[in-house]
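Biologist: I would like to learn how to read a few features in a model like this one. Could you take me through them one at a time?

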Amino acid sequence: MPGRNFLYIPGPTNVPQRIRNAMSLEQEDMRAADFPEFTLPLFEDMKKMFKTETGRVFIYPASGTGGWEAAVTNTLSAGDKVLMSHFGHFSYLWVDLCQRHGLDVQALEVDWGEGVPVEQYADILKADTNREIKAVFATQNETATGVASDIAAVRKALDDADHPALLFVDGVSSVGSLDFRMDEWGVDLCVSGSQKGFMLPTGLGIVCASQKALEARKSATLPRTFFSFDDMIAGNDNGFFPYTPPTILLRGLREAVDMLLEEGLDNVFARHTRMATAVRKAVAAWGLTLVANEEKWYSDTVSAIYVPEGFDGNEVARHAYKYYNLALSISLGKIAGKAFRIGHLGDLNEMMLMTPLAGAEMAMHDLGIPLELGSGVAAAQEYLCSTRQARI
Ligand SMILES: *Cc1c(COP(=O)(O)O)cnc(C)c1O
């Protein structure tokens, strides 16, 4: 088959040619005398990705899930009480990981389509006068439902209760695409991965830890070896790693960070908002609705779109793949089959965005979902034209 495959799942995302070129390298000696000249500035610049000056970034050969495990095992102990909420596949998996590590998890079940229940968090934190809750968890962007949550508001709930719990944030599908402010929001542990906003292949679990989180590791007793902050710090302080680092991915990360800094993070976020708005215009023109049930929950990196009753959203994704070489994303868990998802994060511009919109429209049309061919595309075009920005 001529032509290419078009990838619009919310991770892995498209890896730009510039990053692919930067990774087309020989293997290198990770103990070479000049390796720290590469790694130390990278560790410094990674702090900019999280907007932190006082925190510290750990880069593991892992995926986002490994980042979760690193954050939890380095700072908590079995039996510690933690406050969590779940409203989609990924926030639920995080609950599961904490339970399997023997934490005492209070997991609030929230309707899919909504995000972190901040008011409930505030009440629970205020009522916790004995300060038994050791950590509060928030998924900034629930990739399964396309729901973004207000992390600053979670910080405020902690502050209003004058509560000392650590604040953990899942930023796997948001860091580098949606605004994230480690220091300003008083986040203690933020987890990310390489294959979403960082536009790289899967293979890096990235954790940013605050000074408070680093202090917590001294009394935390969950076992950790591969993920040990102590071992990482001992190596990283000198520009090295406690084990073989994925040097090619690190070189790619260097390029990704350069690209994000050249564009300017605020411009990156604005671009994601604009692309996401165009998707939402298309969804409205199709007469469909998002899984995110209110504007305040809308995600600028992924849209989960309900198909009408009697149709199968996962069939839309399968059909687009089979006939049009387009990878849209299926829906998972409670909404499996009721929706399909479009990932619109990372390396993306106007013309790249027209592809999944046109393809989703064609697939839905083929499957008999009542919509007018071109309607969503036209609505997105209208919006993108009216907000056009000169590239040069
Ligand atoms: C992708 C994702 C994860 C899991 O990351 P892996 O890299 O697949 O381990 C966790 N949380 C969120 C919000 C995600 O989008």
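Modeller: Gladly; we will go through helix packing, the ligand site and some backbone details. Keep in mind that this is a predicted model.

Biologist: Let's start with helices. At what angle do helix 12 and helix 13 pack?

Modeller: The idea is to compare the N-to-C directions of the two axes. Helix 12 (residues 350–366) and helix 13 (residues 375–386) meet at about 160 degrees, and their axes are 8 Å apart. Angles over 145 degrees count as roughly antiparallel, and therefore helix 12 and helix 13 are roughly antiparallel to each other. The crossing of helix 12 past helix 13 is right-handed.

Biologist: Which residues make the contact?

Modeller: Helix 12 contributes Glu350, Leu353, Met354, Leu357, Ala358 and Glu361, while helix 13 brings Ser375, Gly376, Val377, Ala380, Gln381 and Leu384. By character, the residues of this contact of helix 12 with helix 13 are seven nonpolar, three polar and two charged.

Biologist: And how does helix 10 pack with helix 13?

Modeller: Helix 10 (residues 265–285) packs with helix 13 at about 145 degrees, with an axis separation of 7 Å. Helix 10 also passes helix 13 in a right-handed crossing. Arg274, Thr277, Ala278, Lys281, Ala282 and Ala285 of helix 10 touch Ser375, Gly376, Ala379, Ala380, Tyr383 and Leu384 of helix 13. The residues of the contact of helix 10 with helix 13 are seven nonpolar, three polar and two charged.

Biologist: Now the ligand. Which residues surround the ligand?

Modeller: A good habit is to list the neighbours, then look for polar pairs. The surrounding residues are Ser63, Gly64, Thr65, Trp68, Phe90, Asn141, Thr143, Asp170, Val172, Ser173, Gln195 and Lys196. A polar backbone atom of Gly64 is 2.8 Å from a ligand oxygen, and an N or O atom in the Thr65 side chain is 2.5 Å from an oxygen of the ligand. Asp170 places a polar side-chain atom 2.6 Å from a ligand nitrogen.

Biologist: What should I look for in the backbone?

Modeller: Look for departures from the usual pattern: most residues other than glycine have a negative phi, and most peptide bonds are trans. Here, the peptide bond from Gly11 to Pro12 is cis, its omega being near 0 degrees. Pro12 sits in the loop between strand 1 (6–7) and helix 1 (17–22).

Biologist: What is the phi of Met199?

Modeller: Met199 is not a glycine, yet its phi is positive, at about 60 degrees. Met199 lies in the loop that runs between strand 9 (189–193) and strand 10 (204–209).

Key: Residues numbered from 1 in each chain as written. Predicted model: local features only at pLDDT ≥ 70, side-chain atom pairs only at ≥ 80, totals over all residues. Heavy atoms only, no water. Axes fitted to C-alpha atoms, helices over the stretch in contact; angles between N-to-C directions. Helix = DSSP H or I, 4+ residues; strand = E, 2+ residues; numbered from the N terminus. Parallel < 35°, antiparallel > 145°, perpendicular 65-115°, else oblique. Left-handed = near helix turned anticlockwise from the far one by under 90°. Contact = heavy atoms within 4.5 Å. Nonpolar A, V, L, I, M, F, W, Y, C, P; charged D, E, K, R; others polar. Near = heavy atom within 4 Å. Polar contact = N/O pair within 3.5 Å; in protein donor to acceptor, adjacent residues only side chain to side chain.
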